[in-house]
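Here are my notes for your first look through this one. Keep the 3D view open while you read, and take the points one at a time.

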Amino acid sequence: MADAATYNHPLFSCRICQNPIALRDDLLSKRFVAKSGGAYLFRHAMNVVVGKKEDRKLMTGTFSVADIFCSKCGQELGWKYVKAYDPAQKYKEGGFIIEIAKILKEY
């Protein structure tokens, strides 16, 4: 498993154990809300464990989602969009919502 020093660009890491979670280049939006407040939408995430998928009613509709956890310390970080039932929300499919309170930005 790589640590933050392995990457040459800004990245986001787990607030608890500093495990690299997502690259700044994969950040799609800063305008999301999750359980603890603000959240970011990323195109890709790394070093996460994807939980069981389930349908969940969110602010913008019903989605099939799977909670994601840090692969090192197990902290719940957010969720992965598996399927959007509304055609207008399809752009979220495969994306990762990561709560701002759960990550640190590193350079």
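**Notes on the fold and its contacts**

1. Start with a hairpin: strand 3 runs into strand 4 through two residues. Keep in mind as you look that this is a predicted model. The two strands of the hairpin are antiparallel and share five bridges. For a pair to find on screen, take V33, whose bridge partner in strand 4 is G38.

2. Now widen the view to the sheet around that hairpin. Six strands make up an open sheet in the order 3-4-8-7-6-5, and the pairing is antiparallel. Which strands stand at the edges? They are strand 3 and strand 5 (48-58), and each has a single partner strand, so one side of each has no neighbour in the sheet. On average, neighbouring strands here are turned by 30° against each other, direction ignored.

3. Strand 4 has a partner on its other side of the order too. It runs antiparallel to strand 8 (residues 96-99), and four bridges join the two. Y40 is a good residue to click on: its bridge partner in strand 8 is I98. As background, strands of a sheet pair through backbone hydrogen bonds, either parallel or antiparallel.

4. There is another open sheet to trace, built from three strands in the order 2-1-9, again with antiparallel pairing. Its edge strands are strand 2 (20-23) and strand 9 (103-106), and each pairs on one side only. Neighbouring strands in this sheet are turned by 30° on average, direction ignored. Strand 1 (residues 11-14) runs antiparallel to strand 9, with four bridges between them. Within that pairing, C14 stands opposite I103.

5. Stay on C14 for a moment, since you may be tempted to draw a disulfide there. How many disulfides does the whole structure hold? The search finds zero. The closest cysteine sulfur to that of C14 is in C73, 3.6 Å away, which is too far for a bond; the cut-off is 2.5 Å. The two cysteines also sit in unlike surroundings: C14 is buried, at 0% relative accessible area, whereas C73 is partly exposed, at 35%.

6. Next, the charged side chains. There are six salt bridges in the structure. One of them brings K35 and E76 together at 2.7 Å, N to O. This pair links distant parts of the chain: K35 is in the loop between strand 3 (27-34) and strand 4 (37-42), E76 is in strand 7 (residues 76-84), and they are 41 residues apart. K35 is exposed, with a relative accessible area of 59%, while E76 is partly exposed at 23%.

7. Two other salt bridges make a nice contrast. Are the residues of the K102 and E99 pair buried or exposed? Both are buried, and their closest N and O atoms are 4.0 Å apart. Salt bridges with shared partners also join E54, R56 and D67 into one network. For E93 and K90, the closest N and O atoms are 3.3 Å apart. Here E93 is partly exposed at 32% relative accessibility, and K90 is partly exposed at 34%.

8. Then turn on the aromatic rings. The count comes to five aromatic pairs. F12 and F42 form an edge-to-face pair, with centres 5.4 Å apart and 70° between the planes. Since F12 lies in strand 1 and F42 in strand 4, the pair ties together parts that are 30 residues apart in sequence. Both F12 and F42 are buried. W79 and Y81 are also edge-to-face, because their centres are 6.2 Å apart and their planes are at 85°. W79 is buried at 6% relative accessibility, and Y81 is buried too, at 3%. You met Y40 earlier; ring pairs link F12, Y40 and F42 into a cluster.

9. Last, a look at the record. An unreviewed UniProt entry lists residues 10-107 as "domain: Yippee". Over that stretch the chain is 0% helix and 61% strand, and the end C-alpha atoms are 4 Å apart. Try finding both ends of the stretch on screen.

Methods. Residues numbered from 1 in each chain as written. Predicted model: local features only at pLDDT ≥ 70, side-chain atom pairs only at ≥ 80, totals over all residues. Heavy atoms only, no water. Buried < 20%, exposed > 50% of the residue type's maximum accessible area, 1.4 Å probe, protein only. Pairing = 2+ DSSP bridges. Axes fitted to C-alpha atoms, helices over the stretch in contact; angles between N-to-C directions. UniProt positions renumbered as here; feature names shortened; annotations may be inferred. Phe/Tyr/Trp six-rings, centres within 6.5 Å; stacked < 30°, edge-to-face > 60°.
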